[in-house]
Amino acid sequence: QQNGTIGIDAGATGIEAVKGVKSKTMHEDTAKEDTRYGTLLDHNIVGTTHQHIYNFRLDMDVDGEQNSLVEVNPVVLPNDRGGPRTSTMQTETKVVGTEQQAAQKFDPSTVRLLTNFSKENKVGNPVSYQLIPYAGGTHPVAKGANFGKDEWLYHRLSFMDKQLWVTQYNPEEKYPEGKYPNRSDKDSGLGQFTQDNHSIENTDDVVWLTTGTTHIARAEEWPIMPTEWVHVLLKPWNFFDETPTLNLNAPK
Ligand SMILES: [Cu+2]
């Protein structure tokens, strides 16, 4: 877009995931047990509760290959400079050193940047792009994988439970779930890629953003579900010298 934002939208639609049950309506004795794992959508049909989890592998180069992950966290600190206020709004900024430190739940109250410290904008701030995975609406955002931590599924698909991953570029690492998500007894994807805990500072980084929704079925989705969207945004952050939207063509 003209404002420098790069956006990705992915949507789910199609026929609801359902199973057959005994109950025709919610007033039958069998209804409570039949709907333990889902919603009664039609006579004898339950839409089962599940998740839609997406991961986007983004081999980014922010103004070159020498990139780093930067965390910016808003904080409230005491005002020690006088005046009527007792507190101040400040930010704490941290450069993340390694792949395992980078892997984290995405907190939308914070800022995560991929930064090139060798390039600066007009006032000397390093050029960055902000990383934003998000989802939610009718289907609530998935804060992680809804599996017990003792489940083989949980340990096979680590990418599902954390929304932000950064790895040092490796051409063999293409799929967040690994090559064998269905037939492996362990993680062959991001969980394994980050085991060697490479440095991700000032190097060719790959950003992996996970987002998704928990799908609790409702009657309005039967038999065809309206599209539910998930999103990734990459936004310029001190990348330009000013808003890039002011150079539109002058009227003729
Ligand atoms: Cu669904």
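Leaving aside neighbours within four places in sequence, which residues is Asn-67 in contact with? Let's work up to that and a bit more. This is a predicted model, where local features need pLDDT of at least 70, side-chain atom pairs count only at pLDDT 80 or more, and totals for chains, interfaces and linings use all residues. Residues are numbered from 1 along each chain as its sequence is written, and side-chain values use heavy atoms, with hydrogens and water left out.

**Exercise 1.** Place Asn-67 and list its contacts.

*Solution.* Start with the loop between strand 5 (50-58) and strand 6 (68-78): that's where Asn-67 sits. Strands here are DSSP runs of E, at least two residues, numbered from the N terminus. Next, check exposure: Asn-67 has a relative accessible area of 0%, so it's buried (under 20% relative accessible area, 1.4 Å probe, protein chains only). Finally, take contact as heavy atoms within 4.5 Å. Beyond the sequence neighbours, Asn-67 touches Met-60, Asp-61, Val-62, Leu-114, Thr-115, Asn-116, Ile-200, Glu-201, Asn-202, Thr-203 and Asp-205.

**Exercise 2.** Follow Thr-115 to its opposite residue in strand 9.

*Solution.* Look at strand 8 (residues 111-120) and strand 9 (residues 126-135): they run antiparallel, joined by five bridges. Two strands pair if DSSP finds at least two bridges between them. Across from Thr-115 you'll find Ser-128.

**Exercise 3.** Lay out the open sheet and find its edges.

*Solution.* Six strands line up as 1-12-9-8-6-7, with antiparallel pairing. Strand 1 (6-15) and strand 7 (87-96) each have a single partner strand, so one side of each lacks a neighbour in the sheet.

Terms used
Helix = DSSP H or I, 4+ residues; strand = E, 2+ residues; numbered from the N terminus. Buried < 20%, exposed > 50% of the residue type's maximum accessible area, 1.4 Å probe, protein only.
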